[in-house]
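Visitor: I would like to learn how to read a few features of a protein model. Could you take me through them step by step?

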Amino acid sequence: MLQPKLKSKVRCTDRDIGEVTKVILDPLSHEISHIVVSMNGSGERQIEMAQVQDVMEDRVELRAPASAIAALPLFQRHDYVTTHEVEISHLEDNIDVTPGEVLVPFPDLEKDVKRRTFFMNFTHVIAFLIGLPMAYPILRFLMKPMYMPFDNDWLMVGNVSKIKQDDVGVQFQYMKKVKEAYMPEAEVEKSVWVLKASPEVLDKVYQDKDQEFRDASGRIIWINKKDFPYIAFSGKCPHLGCAFKWRQHKTLGQVFLCPCHLSIYDATGSVLDGPAPRALDALPIRVSAGGDVEIIDMEFKAGVKSQIRII
Ligand code: FES
């Protein structure tokens, strides 16, 4: 007798009932033990080969009437796996159907998988608890940089005598010791732009409110008073962190211009043009009686609308 093929029409003693959608293999004999028939919209039934009367090129004939096949329980796909899932595809060597549609009964040992999974997970939890005291110091060392407090020390960057005109950006450069994660400490050159602001610029920057700066715990570390005439902007463009300059623009007059993607900001730090998602980042600033300018060096996440401190 030929082997039943996938998509072969299936006919009972009285009428056609559907087509073969799967075959089930006996893993011991390597013979087809059942066919699975999709019954024209009323689900799949698993039919023993003993019920098969004849197999032709494109048709399978059964010994039973359609009512007897319809009375069989619905095929339970989860009781089977494909020969590929159990990695025993050579089982298909003797049969002539599309690979991947050949099923074998789910191994009995695997049926209790929930219980076995529970014991496996339980073993993992025990192993985790035993290993935790040993791993803790290593984890603490690795995670330390993530929880280092921000550096809120004041840095002297220059003297206000360098500023000759109101509302004009003046760059102050300074060196800062930086410790990146597990790297040794290094000194890097940084810059900040300072303006002596006119009352109009101060109004636009502060909008009648003092500006508060907080540490990681939310504690206020400094307040820039709304009527204090000096403003410091971080030297990093809020778009992607490039250094920007104070430049004369053809139509906009004097502006901060970032050469990387051409973001333009006015003297208040507001975005006039370009892809920058927010205004320039103002920093805490104070000026001593002798005119020394001090700032708290802060960095904020680039490319986002809100100001999120990262350093
Ligand atoms: S980094 Fe300044 S505009 Fe892109």
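Guide: We will go through a disulfide, a buried charge and a set of paired strands. Keep in mind that this is a predicted model.

Visitor: Start with the cysteines. How many disulfides does the rule give?

Guide: The test is a pair of cysteine sulfur atoms within 2.5 Å. Here the count is one disulfide. Cys-242 and Cys-260 form the link, with their sulfur atoms 1.9 Å apart.

Visitor: Is the link of Cys-242 and Cys-260 left-handed or right-handed?

Guide: Read the angle about the S-S bond. For Cys-242 and Cys-260 it is -95 degrees, and the link is left-handed.

Visitor: Which parts does the pair tie together?

Guide: Place each cysteine among the strands. Cys-242 sits in the loop between strand 14 (230-234) and strand 15 (245-249). Cys-260 sits in the loop between strand 16 (253-257) and strand 17 (264-265). The pair therefore ties together parts that are 18 residues apart in sequence.

Visitor: Is Cys-260 buried or partly exposed?

Guide: Buried means under 20% relative accessible area. Cys-260 has 36%, so it is partly exposed. Cys-237, at 3%, is buried. Cys-258, at 2%, is buried too.

Visitor: Now the charge. Where is Arg-309?

Guide: Arg-309 lies in the segment after strand 21 (292-296).

Visitor: What is the nearest side chain of opposite charge to Arg-309, and how far away is it?

Guide: A salt bridge needs a nitrogen-to-oxygen distance within 4 Å. For Arg-309 the nearest candidate is Asp-151, 6.6 Å away. Arg-309 is buried, yet has no salt bridge.

Visitor: Which backbone oxygens does the side chain of Arg-309 reach?

Guide: Look for polar contacts with the main chain. The Arg-309 side chain reaches the backbone oxygen of Asp-151 at 3.3 Å. It also reaches the backbone oxygen of Ile-311, at 2.8 Å. So Asp-151 offers Arg-309 a polar contact through its backbone, within the 3.5 Å cut-off.

Visitor: What else is Arg-309 in contact with, leaving aside its neighbours within four places in sequence?

Guide: The contacts of Arg-309 include Phe-150, Asn-152, Arg-214 and Ile-221. Asp-297, Met-298, Glu-299 and Phe-300 are also among them.

Visitor: Last, the strands. How does strand 11 pair with strand 10 and strand 14?

Guide: Check the sense, then count the bridges. Strand 10 (residues 170-178) and strand 11 (residues 186-196) are antiparallel, over nine bridges. Strand 11 and strand 14 are antiparallel as well, over five bridges.

Visitor: Which residues stand opposite Val-192?

Guide: Val-192 is in strand 11, and Phe-172 stands opposite. In strand 14, the bridge partner of Val-192 is Ser-234.

Terms used. Residues numbered from 1 in each chain as written. Predicted model: local features only at pLDDT ≥ 70, side-chain atom pairs only at ≥ 80, totals over all residues. Heavy atoms only, no water. Helix = DSSP H or I, 4+ residues; strand = E, 2+ residues; numbered from the N terminus. Buried < 20%, exposed > 50% of the residue type's maximum accessible area, 1.4 Å probe, protein only. Lys, Arg positive; Asp, Glu negative; His and termini not counted. Polar contact = N/O pair within 3.5 Å; in protein donor to acceptor, adjacent residues only side chain to side chain. Contact = heavy atoms within 4.5 Å. Pairing = 2+ DSSP bridges.
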